[in-house]
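These entries record what I looked up in the structure, one topic at a time.

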Amino acid sequence: MTEYFEVHERDGAARLAELRLADPVTTPAVVDDHLADAGSLWPTERDVPEGDESVLTVLPHRGLPGGTPEEVAEAFAVDYPDVDYPSAAVVSTETADDDSADAYVLSEAAGVVGHAEAFVEAVIETREAIPDDTALMLSGVATPRNVATLVYAGVDLVDRDRAVVRGTQGRYLTTDDAYFLEDLDELPCSCPACRQPREEFDRQDCVDHNVNALEAELARVRRRIRDGRLRDYVEGQARQDQWLTATMRRLDQQYAYLERHTPIYRREELTAATEDTMRRVEIQRFAQRVTERYRPRFDEQPLVIVPCSARKPYSDSQSHEQYHRAVQFRGHMASMTSPIGVVPQELELTYPAQHYDSVVTGRWSANEIEFVADVLERYLDGTDYPEVIVHVPGEGYREICERVEERLDRSFTYTVEDHPTTADSLANLAGALEGYPKYRKRERQHNTLRAVADYQFGAGAGDEIFGDTLTAEGTYPQLRAHGERTDGGQGEQLAALTQQYGVLGLTIAGARRWVDSDVSVKRVAIDDFVPHGSVLAPGVVEADDEIRVGDEVVIEGPSAFGVGRATMPGPAMDEATRGIACQVRHVEEQ
């Protein structure tokens, strides 16, 4: 049981946590001042130290270099004792396991840092082998330039060794480079070590500066994790070194690892500043759900493809108001945008569709065109729209549509002359929809609630959970889903649409319909108690592996049935011994 490490916040694989020593340490952090190494077993046998809660004790160990054959690693693996003080075990990717420690030191770190493929494989293999609520430490590798990427990959603890060694060698480290001290005419830093004339600054001062710079960068990283913005920072920071860029892209290729740790939605805006943004889990997940879970329900109307807008949600923008006046609910509108792809009008609130801001240059890159074209093709494949009307400007948008038109062997109707909001273009759009029937407000509201359910819970969920008797209450975007009206009054409330994130919050009645449906249910089984407010990890008996932070979950136990929101991924709920597993919205004693 892990007693001395507790995760408080998550931002992808990165975590803000507490190393629960006598004087607690907020991680990710430099841990030298809080570490006691009991020594290596290679030169001699060593007794297990007494230890105490003031330090993290690295138990007697045998470090193995990367590439050690598995049979050799197993032959020399250490059988770590279960101690009653904060402890760390030294492991390799071959020997990593649950050794009842609070932290794990990766022995081959120095050999893999600098090699993107090897580093990503080593971190992922180790993280997946050790319990979720334990710290991963890399020794002898951290610098101000690389530590943000180390943390983004899943590293919690580092030491000063590399920063110190570089300083004694006369290398002045910053977040973007490593300078030879003799090449610096002035000191580009204002830390305590640098507040002196350049000619008096020596190598010991350089050591002090490097350590200060490393700790300052970790403070910046912790702030980014709190804000849910570490990926935005890493996209820029990784540009300072080729292997960091390669590492970030290698991690993006490990979709399953990152997706498991990435929340369903975030508070903060997603910044689309580079083409690497298209490979982010949030973008890929949205595109996947739109093309695999979502089903358009406007069967008699054509699809009207329009450009995105700077203002979110799109329907609040002046340009989209003009499109709506021309369409008059005779067509199903979907916005096309980079880096999101395709956003059906029912999902314009759903994260990240109203939570991103992109760099606008007026030109689409080849990668953007290909990505959005692929999403549009997958979206249209298998749909039954009687017609596809394209109301987009020429820059990039038109090329995307023409590419998809050719791939699907379908003819699109183009309505824009010069610009989408000119009078002639809007008249063309209105004219292209002549003869198509309008869909009613009730139909729009119902389709929105069902579409969000499909996106959130799985294909067909909107029909399975709400059935044929759905009634919508409230005004968009504050919609509530109710069951069949009874005695002239409102039916039982099943769910409410959350305007901030565009997801549904279920009631007890809605949760029971979810459980009774054929749609996969995300369950958290708990012990025999009735939770109020939250469920702590020790109270979880079992949780579905597919649960992600922010997911709607059903909470079931011998004495309770409830519904709420996950604050840990499912696997972490199973493994964690501390922390809040999920927040409870509604609960019934049974």
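**Entry 1: Gln-354.** I began with Gln-354, which is found in the loop between strand 16 and strand 17. The model is a predicted one. I asked whether Gln-354 is buried or exposed. Its relative accessibility is 16%; because the cut-off for buried is under 20%, Gln-354 counts as buried. Leaving aside residues up to four places away in sequence, I listed the residues that Gln-354 touches: Lys-312, Pro-313, Glu-348, Leu-349, Gln-499, Gln-500 and Tyr-501. Two of these partners also appear in polar contacts of the Gln-354 side chain: the backbone oxygen of Leu-349 lies 3.2 Å from one of its polar atoms, and the backbone oxygen of Gln-499 is reached at 2.9 Å. I also looked up a C-alpha separation: Gln-354 and Val-343 are 11 residues apart along the chain, and their C-alpha atoms are separated by 9.9 Å.

**Entry 2: Gln-345 and cis peptide bonds.** I then turned to Gln-345, which lies in the loop between strand 16 (341-344) and strand 17 (356-358). The side chain of Gln-345 makes a polar contact of 3.0 Å with the side chain of Tyr-439. Beyond residues up to four places away in sequence, Gln-345 touches Phe-298, His-324, His-332, Met-333, Ala-334, Tyr-439 and Tyr-476. Pro-352 is placed in the loop between strand 16 and strand 17, and I noted a cis peptide bond between Tyr-351 and Pro-352, with omega about 5°. Another cis peptide bond joins Ser-338 and Pro-339, with omega about 10°; Pro-339 is in the loop between strand 15 (332-337) and strand 16.

**Entry 3: positive phi.** Which residues have a positive phi although they are not glycine? I recorded Ser-100, at about 60°, and Phe-329, also at about 60°. Ser-100 belongs to the loop between strand 7 (87-91) and strand 8 (103-106) and is partly exposed, with a relative accessible area of 27%. Phe-329 belongs to the loop between helix 11 (318-327) and strand 15 and is partly exposed, with a relative accessible area of 31%.

**Entry 4: helix 6.** I checked the length of helix 6 (residues 203-227). At 1.5 Å a residue its 25 residues should span 36 Å, and the end C-alpha atoms are 36 Å apart, so the two values agree. At the N-terminal end, Asp-202 acts as a cap, with a side-chain oxygen 3.2 Å from the backbone nitrogen of Gln-204. Just after the helix, Gly-228 takes a positive phi of about 70°.

**Entry 5: helix 10.** I repeated the check on helix 10 (residues 281-292): 12 residues should span 16 Å, and the end C-alpha atoms are 16 Å apart, in agreement. Why is helix 10 described as largely enclosed by the rest of the structure? The reason is that 9 of its 12 residues are buried. I noted these as Val-281, Glu-282, Ile-283, Arg-285, Phe-286, Ala-287, Arg-289, Val-290 and Thr-291. The buried residues pack against helix 9 (255-261), strand 13 (270-272), strand 16, helix 12 (366-380) and helix 15 (441-457).

**Entry 6: a surface patch.** Last, I looked up a nonpolar surface patch of about 270 Å², made by Trp-42, Val-72 and Phe-76. Of its members I followed Val-72, which sits in helix 1 (residues 70-75) and counts as partly exposed at 32% relative accessibility.

Key. Residues are numbered from 1 along each chain as its sequence is written. This is a predicted model: local features need pLDDT of at least 70, side-chain atom pairs count only at pLDDT 80 or more; totals for chains, interfaces and linings use all residues. Side-chain values use heavy atoms; hydrogens and water are left out. Patches are made of residues with over 30% relative accessible area and no salt bridge: like charges are joined within 9 Å, nonpolar side chains (Val, Leu, Ile, Met, Phe, Trp, Tyr) within 5 Å. Accessible areas come from the Shrake-Rupley method with a 1.4 Å probe; for residues, only the protein chains shown count as cover. A salt bridge is a side-chain nitrogen of Lys or Arg within 4 Å of a carboxyl oxygen of Asp or Glu. Helices (H or I, at least four residues) and strands (E, at least two) are DSSP runs, numbered from the N terminus. Buried means under 20% relative accessible area, exposed over 50%, partly exposed in between (1.4 Å probe, protein chains only). The expected span of a helix is 1.5 Å times one less than its number of residues. A polar contact is a pair of N or O atoms within 3.5 Å; within protein, one must be able to donate a hydrogen and the other to accept it, and residues adjacent in sequence count only if both atoms are side-chain atoms. Contact means heavy atoms within 4.5 Å.
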